[in-house]
Each structure stands twice: as structure tokens, then as C-alpha cells.
Amino acid sequence: MDKKYNIAEINDYIDSLKGKSPNTIKMYLSAINKFIDGAGIKSFDDIKNLNIRDADKYQRHLQETLSASSVNSNIRPINAMYNWLMRMEYVEKNPFSLIKAMKEPEKVQAFLTNEEMIAMVQSAKDTEEKLMLLMLLYLGLRRSELTGISLDDVATRTHIRINGKGGK
């Protein structure tokens with residue numbers, strides 16, 4: 001969390017994110033950067049005086065170049081920041097609280113057949129690659145969970161500790 005702004009209250013908010021995952025913090029910082037640039041934020045007064053029309057205008061600005069999902073992903077951290085600023089009594093209102101999330105197209109889940117999974121594992125070039133594929137496919141691990149496994153996580157010959165999303 002090395003990004004620092006010339007607005008102390010935003011820096012306080014960023015410092016409050018320390019318990020979140022590095023990927024979440026990176027995404028929040030990216031959204032805050034876009035917000036500061038896209039909404040023309042120069043001082044804390046600009047943040048304090050933002051109204052629902054400004055928030056709506058910012059959402060429409062994002063819609064010009066981003067998908068509905070990306071717009072929502074950029075608005076959520078700004079909404080969370082305003083909620084935190086309200087709790088800390090820096091601001092009295094959250095102009096993003098009334099902004100409706102954009103409707104996202106439904107994603108159709110695609111699943112591999114057993115034959116496709118077996119073919120993937122059989123095509124692996126060595127035992128290490130086969131083991132990684134098996135862990136991804138049969139345990140449902142995320143890439144970051146798989147690559148985050150260390151020798152200290154191997155509890156016994158039959159158990160491995162996985163640090164999941166959100167520290168679970």
C-alpha cells in the first residue's frame with residue numbers, strides 16, 4: 001500500500017485496508033485512482049461536496065469505456081470508501097449509496113467433462129505439472145491458492161493447509 005495521495009482522509013482510508021488481500025487492495029487503489037482522475041478530485045472538499053448527480057455522472061463516464069461488470073467493480077470500492085468516511089465522520093453523506101449497480105449479463109458456467117479433465121492431466125509433461133492440474137481440477141483451488149502453497153503448509157503426508165480467498 002505505497003500509494004499516497006495529497007488528501008489525508010483518503011490516505012487514512014487506504015491505511016484502513018491493511019487487513020485485506022493484496023489483490024483487493026490493488027483493485028481498490030486502481031478504482032480510487034480512476035475516481036480521482038475521472039471525477040476531477042483535487043481536494044477533500046471535492047470529495048465532501050460530491051452529490052448524487054456527480055456520482056451518477058461519474059458512473060456514466062465509466063460506462064463510456066468499461067463493461068457493466070467493470071463499472072460495478074470500480075463503483076463498489078468508491079462506495080465502500082464513502083461509507084468508511086461517513087463512519088469516521090469525515091463526510092455526512094455517501095453520494096454513491098443511491099447509485100444502482102448496472103445490470104450484468106448472466107454468465108453461463110462452462111464445465112469440463114471427466115474425459116476432458118483426464119485428457120488434460122494425461123497431457124501434462126511431468127509429475128509436478130500433473131499434480132498441479134489435479135489440485136486445480138479436483139480440489140477447486142484458485143491459481144493464487146496453488147502458487148501460495150509452501151512446504152510449511154504440508155501438515156502431514158495426507159493434509160495441506162490452503163490459504164484461501166479472504167484468508168479463509
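Is Lys57 buried or exposed? With a relative accessibility of 56%, Lys57 counts as exposed, because any value over 50% falls in that class. The points below treat the predicted model as a whole and then take up selected residues.

1. Overall make-up. The structure is a predicted model. The protein contains eight helices and zero strands. Read from the N terminus, the order of its elements is α-α-α-α-α-α-α-α. The radius of gyration is 21 Å, whereas the globule rule gives 15 Å for 168 residues; the protein is therefore more spread out than a compact globule.

2. Extent and burial. The C-alpha trace spans about 60 × 35 × 25 Å along its principal axes. Of the 168 residues, 29% count as buried. The accessible surface of the protein amounts to about 11,900 Å², and carbon and sulfur atoms account for 52% of that area.

3. Contacts and charges. If one takes the contacts between residues at least 6 apart in sequence, 48% of them join residues at least 24 apart. As for charge, the protein carries 25 positive and 22 negative side chains. The centres of these two sets lie 2 Å apart.

4. Lys57. The opening question concerned this residue, which is located in helix 4. Lys57 and Ser70 are 13 residues apart along the chain, and their C-alpha atoms are separated by 16 Å. Ser70 appears again in the next point, as a partner of Asn74.

5. Asn74. This residue belongs to helix 5, which covers residues 68–87. Asn74 counts as buried because its relative accessibility is 7%, and the class of buried residues takes in values under 20%. Two polar contacts of its side chain may be described. One joins it to the side chain of Lys34, at 3.5 Å. The other runs to the backbone oxygen of Ser70, at 2.8 Å. When residues up to four places away in sequence are left aside, Asn74 touches Ala31, Lys34, Leu62 and Leu66. Lys34 is thus named both as a polar partner and among the residues touched.

6. Asn51. The loop between helix 3 (44–48) and helix 4 (52–63) holds Asn51. A relative accessibility of 22% places Asn51 among the partly exposed residues; the buried class ends at 20%, so the value lies outside that class. The side chain of Asn51 reaches the backbone nitrogen of Asp54 at a distance of 2.9 Å. Asn51 and Ser144 are 93 residues apart in sequence, and the distance between their C-alpha atoms is 39 Å.

7. Glu89. Where does Glu89 lie? The residue is in the loop between helix 5 and helix 6 (114–122). Its phi is near 65 degrees, a positive value in a residue other than glycine. A student should read this angle against a general rule: most residues other than glycine have a negative phi. Glu89 is also exposed, its relative accessible area being 72%.

8. Glu129. Helix 7, residues 127–139, contains Glu129. With 25% relative accessibility, Glu129 counts as partly exposed. Its side chain reaches the backbone nitrogen of Lys125 at 3.1 Å. Glu129 and Met102 are separated by 27 residues in sequence and by 40 Å in space, C-alpha to C-alpha.

9. Ala155. This residue is found in the segment after helix 8 (143–147). Its relative accessible area is 42%, so Ala155 is partly exposed. Which residues does Ala155 touch, not counting those up to four places away in sequence? They are Ile160 and Arg161. Ala155 and Thr24 are 131 residues apart in sequence, while 28 Å separates their C-alpha atoms in space.

10. Review of the residues. The accessibility classes may be collected here for reference. Asn74 is buried. Asn51 is partly exposed, as are Glu129 and Ala155. Lys57 is exposed, and Glu89 is exposed.

Definitions and conventions:
Residues are numbered from 1 along each chain as its sequence is written. This is a predicted model: local features need pLDDT of at least 70, side-chain atom pairs count only at pLDDT 80 or more; totals for chains, interfaces and linings use all residues. Side-chain values use heavy atoms; hydrogens and water are left out. Helices (H or I, at least four residues) and strands (E, at least two) are DSSP runs, numbered from the N terminus. Buried means under 20% relative accessible area, exposed over 50%, partly exposed in between (1.4 Å probe, protein chains only). A polar contact is a pair of N or O atoms within 3.5 Å; within protein, one must be able to donate a hydrogen and the other to accept it, and residues adjacent in sequence count only if both atoms are side-chain atoms. Contact means heavy atoms within 4.5 Å. The radius of gyration is taken over C-alpha atoms; the globule rule is 2.2 Å times the number of residues to the power 0.38. Accessible areas come from the Shrake-Rupley method with a 1.4 Å probe; for residues, only the protein chains shown count as cover. Lys and Arg count as positive and Asp and Glu as negative; His and the chain ends are not counted. The place of a charge is taken as NZ of Lys, CZ of Arg, CG of Asp or CD of Glu.
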